[in-house]
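Subject: Structure handover

Hi,

Here is the structure I promised to pass on, with my notes underneath. Have a look at it first, then read on.

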Amino acid sequence: MIRTGLAVAAALLTASFVIAQEHPEHPEDKKPSKHAHSYTLDELADAITRDIKATQAKNGGVYKMDDPKTGQVWTMKLDHVHRERLARIDDTTYFACTDFKSDDGHTVDVDFFMKDDGKKLVMSDAAIHKVDGQPRYNWKEKDGFWVKEKVD
């Protein structure tokens, strides 16, 4: 009975990782990295926080981001980096999920992508993942890496 229960639990856990997810988690690396350095979660969190705060400092304490869906420019401040949602997307790209508070009271979930340039992590892209909890895309694991998936 216990073995059957464990087998069912394991099957359900495995199936849950196949279904689209809100954010990348930490997939099992199936492809070896060609880079000598693999960044820790702390290094990634520090790099993204440092980059965002530097941008905010240059912009009078706010982070501005164009919203391609609505055409507006979000003026916001970093609320926090989701340390539990830091992951590697491919051999050189890392992902960080963040929450911002806009100047008009909205919560804007922004996904940042950082590339390993061989010496350090540098910002390569950013995308608005959610506004007030409404997702614009989800994540799906494919071959040990995470890819964006359209929201139905």
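The buried residues of helix H2 pack against strands E1, E2, E3, E4 and E5; here buried means under 20% relative accessible area, exposed over 50% and partly exposed in between, with a 1.4 Å probe and protein chains only. Contact means heavy atoms within 4.5 Å, and helices (H or I, at least four residues) and strands (E, at least two) are DSSP runs numbered from the N terminus.

Before more detail, two notes on the source. This is a predicted model, in which local features need pLDDT of at least 70 and side-chain atom pairs count only at pLDDT 80 or more, while totals for chains, interfaces and linings use all residues. Residues are numbered from 1 along each chain as its sequence is written, and side-chain values use heavy atoms, with hydrogens and water left out.

Back to H2. Its buried residues are Leu44, Ala45, Ala47, Ile48, Ile52 and Gln56. Seen down the helix axis, they fall within an arc of 165° (taken from the directions from the axis to the C-beta atoms), so they line one face of H2. The face turned away from that buried side carries the exposed Arg50, Lys53, Ala57 and Lys58. Just after H2, Gly60 takes a positive phi of about 70°.

Now the core. The largest nonpolar core (buried Ala, Val, Leu, Ile, Met, Phe, Trp, Tyr and Cys residues joined through side-chain atoms within 4.5 Å) has 23 residues, and Met76 and Phe100 touch the most other members. H2 (41-58), E1 (63-66), E2 (73-88), E3 (93-102), E4 (107-116) and E5 (121-131) each supply at least two of its residues. A second, separate core of 8 residues includes Phe95, Cys97, Phe113 and Trp139.

You may like the aromatics. The whole structure holds 8 aromatic pairs, counted when ring centres of Phe, Tyr and Trp (its six-membered ring) lie within 6.5 Å; planes under 30 degrees apart are stacked, over 60 edge-to-face and the rest tilted. Phe95 and Trp139 pair edge-to-face, 5.1 Å centre to centre with 70° between the planes. That pair links distant parts of the chain, with Phe95 in E3 and Trp139 in E7 (residues 137-142), 44 residues apart. Tyr137 and Trp139 are also edge-to-face, at 5.8 Å and 80°. Phe95, Phe113, Tyr137 and Trp139 form one aromatic cluster. Trp139 is buried, with a relative accessible area of 1%, and Tyr137 is buried at 9%.

Happy browsing!
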